[in-house]
Amino acid sequence: IKNKNLEDGQIIFLKDVRFFRGYDIMNMQQEGMDMRILIKNASLVFEDRVEKGDLLTEGQRIVQVGGNIDAPADQVIDGSSCFVFPGFIDTHTHFDLEVGSTVTADNFVTGTKAAVVGGTTTVLDFATQERGMTLMEAFHKWENKAKNSSCNYGFHMAMSEWNDARIAEVPLMIENGVTSFKMYMVYDNMRLSDGVMYEAIKYLAKEDCIIGIHCENDDILKARVKELKAAGKTGSRYHAVSRPNIVEADGVGRLMDAAYLAGGPAWVVHLSTKEGLAIARRARERGQEVYLESCPQYLVLEESMYDASDGAKFIMSPPLRSKDDQEALLKAMAAGEIDWIGTDHCSFTMAQKAVGKDDFSKTPNGGTGVQNRAEIVYTRAVKGGYLDIVEMGQLLSTRAAKLFGLYPRKGALQAGSDADVVVFDPEAPHVVHAATNLHNCDNSPYEGYEAAGKARDVLLNGQLVVENGQLVAPGKGEYVHRDRCGRYRK
Ligand code: URP
Ligand code: ZN
């Protein structure tokens, strides 16, 4: 009777039903169901304010928040010098991604360990439907990959085809908790036309699903790659030269127009430029429903870094930009114009990157970051004076939970919400090193970054899985079956 509407009081057999109101009933029978954890004297980060108080979890839920809670508990955590956030949600990861014959260094086992130690309790990874594959095949492939994850996980479905057969599978995706999709304007094996995007936006809007678009002008960037190579300009820095700001802005503009005509929402993944931002802003001014995601790399890393001897580790798309772009994105975050921050974690080792040593265009695209998102946003944007702590919670958790059909189960410190909770220490200076990150990669674009604070303790589904920065209970992640999108900008 999976997927039937169930009423309160209706008698059902657990063997017959998997999900009830989005909760995975099978997994609710795991160990730790009755455990009570009490966090005392913390600065609780709600959606609109910070308040000193306590938080109590029981089993997999938060049961009481705020004020002085005097209740027996199996574990008591002193939160007195810390902020307590709803578990962070990384909206953009690529674990176990195959690019041709190259596979990312991080699979779900390693990637989610890094995620949860950094305070991320849910990742939304891009399952990829390769051409000729059904959406269900891609879904099952990702379900298998994600077993033994150390944080909760859901999937967006990246589509490489849009035809009657694939459209017919969209209801199956929704039934399985996948309510967000992605299409690329680039990459020969994935690229789809503007017309297809227009159709997909229109169709998915009616289902209250959303489609994220990787916005770049593929034709122009390819022409520039050809030109640069012909001129002998093959080093890592030319990756950025081949894809200047306008290459992204053109893609953002085409997406905005397609969404305008389709009458549906536009979601720009990994926005990196002030020009793209300006176009999205204009679209909002003409009444469009626009969701903007950016990433930590576009807030703290710059184009000049391609000149380093290990410049290949910064080869990602879109490329690193200028200080002006960083400033524009930070101000947009402060103004509430950027909706959430995802990492685009896509891990290739230096040996894998070396394939492009004589030709930047052969370097596999992507960089790591899943462990470092919260500490970088805190250091750069909060300590840097752009955001307050409430806005940090919105950017790292609440808005993503809302849009991606997880709210208020996740993204909220509320009685009844899932007990995914981060105790964040704002006074924990440390330096980021690839070698000490839990990811399975020998490099980090943030190597040497001086972070001011970090996640100290993490509760996942009501269990203390990270204690004093150490992963003490790996493999406790569960699949998150998502509802339709909560289109809060509609
Ligand atoms: O360079 C990147 N971002 N690699 C991952 C795939 C994508 O484009 O999102
Ligand atoms: Zn990506």
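Visitor: Why are helix 9 and helix 10 called roughly parallel to each other?

Guide: In this predicted model, helix 9 (residues 245-262) and helix 10 (residues 274-285) pack at an angle of about 15°, with their axes 7 Å apart. Angles under 35 degrees count as roughly parallel, and helix 9 and helix 10 are therefore given that description. Their crossing is right-handed.

Visitor: Which residues make the contact between helix 9 and helix 10?

Guide: From helix 9 the contact is made by N245, A249, V252, G253 and M256, and from helix 10 by K274, E275, G276, I279, A280 and A283, where contact means heavy atoms within 4.5 Å.

Visitor: What makes H92, H94 and D344 the protein donors of the zinc ion (ligand 2)?

Guide: Donors are N, O and S atoms within 2.8 Å of the metal, and the atoms concerned, NE2 of H92, NE2 of H94 and OD of D344, lie 2.0 to 2.1 Å from the zinc ion. Along the sequence these donor residues follow the spacing H-x1-H-x249-D. H94 lies in the loop between strand 8 (88-93) and strand 9 (98-99), while D344 belongs to the loop between strand 17 (340-341) and helix 13 (350-353), so the pair ties together parts that are 250 residues apart in sequence.

Visitor: Why is the site of the zinc ion (ligand 2), with its 4 donor atoms, called irregular?

Guide: The angles among the 4 donor atoms run from 89 to 143°, whereas four donors count as tetrahedral if all angles lie between 85 and 135 degrees, and as square planar if opposite donors are over 155 degrees apart. The upper value of 143° fits neither description, so the site is classed as irregular.

Visitor: How do you know whether H94 and D344 are buried or exposed?

Guide: Buried means under 20% relative accessible area; H94 has 5% and so counts as buried, and D344, with 9%, is buried as well.

Visitor: What makes H270 and N461 stand out in their backbone angles?

Guide: Phi of H270 is near 35°, a positive value in a residue other than glycine, and N461 likewise has a positive phi, of about 50°, although it is not a glycine. H270 lies in the loop between strand 15 (266-268) and helix 10, and N461 in the loop between strand 21 (454-460) and strand 22 (463-467). At 2% relative accessibility H270 counts as buried, and at 8% N461 does too.

Visitor: Where are the cis peptide bonds that involve P318 and P408?

Guide: One joins S317 and P318, with omega about 0°, and P318 is found in the loop between helix 11 (297-300) and helix 12. Another joins Y407 and P408, again with omega about 0°, and P408 lies in the loop between helix 15 (389-403) and strand 18 (421-425).

Visitor: Why does C82 count as buried, and what does C82 touch?

Guide: The relative accessibility of C82 is 1%, and the limit for buried is under 20%, so C82 counts as buried. C82 is found in the loop between strand 6 (75-78) and strand 7 (83-86), and, leaving aside residues up to four places away in sequence, it touches A42, S43, V423, F424, D425, P426 and R456. The C-alpha atoms of C82 and V422 are separated by 9.6 Å, although these residues are 340 residues apart along the chain.

Visitor: Why is Q326 called buried?

Guide: Q326, in helix 12 (residues 323-334), has a relative accessible area of 2% and is therefore buried, the limit being under 20%. Beyond residues up to four places away in sequence, Q326 touches Y298, L299, V300, L301, E302 and R380.

Terms used
Residues numbered from 1 in each chain as written. Chains lettered and ligands numbered in written order. Predicted model: local features only at pLDDT ≥ 70, side-chain atom pairs only at ≥ 80, totals over all residues. Heavy atoms only, no water. Donors = N, O, S within 2.8 Å, 3.2 Å for Na, K, Ca; no water. Tetrahedral: all angles 85-135°; square planar, octahedral: opposite > 155°, others 65-115°. Helix = DSSP H or I, 4+ residues; strand = E, 2+ residues; numbered from the N terminus. Buried < 20%, exposed > 50% of the residue type's maximum accessible area, 1.4 Å probe, protein only. Axes fitted to C-alpha atoms, helices over the stretch in contact; angles between N-to-C directions. Parallel < 35°, antiparallel > 145°, perpendicular 65-115°, else oblique. Left-handed = near helix turned anticlockwise from the far one by under 90°.
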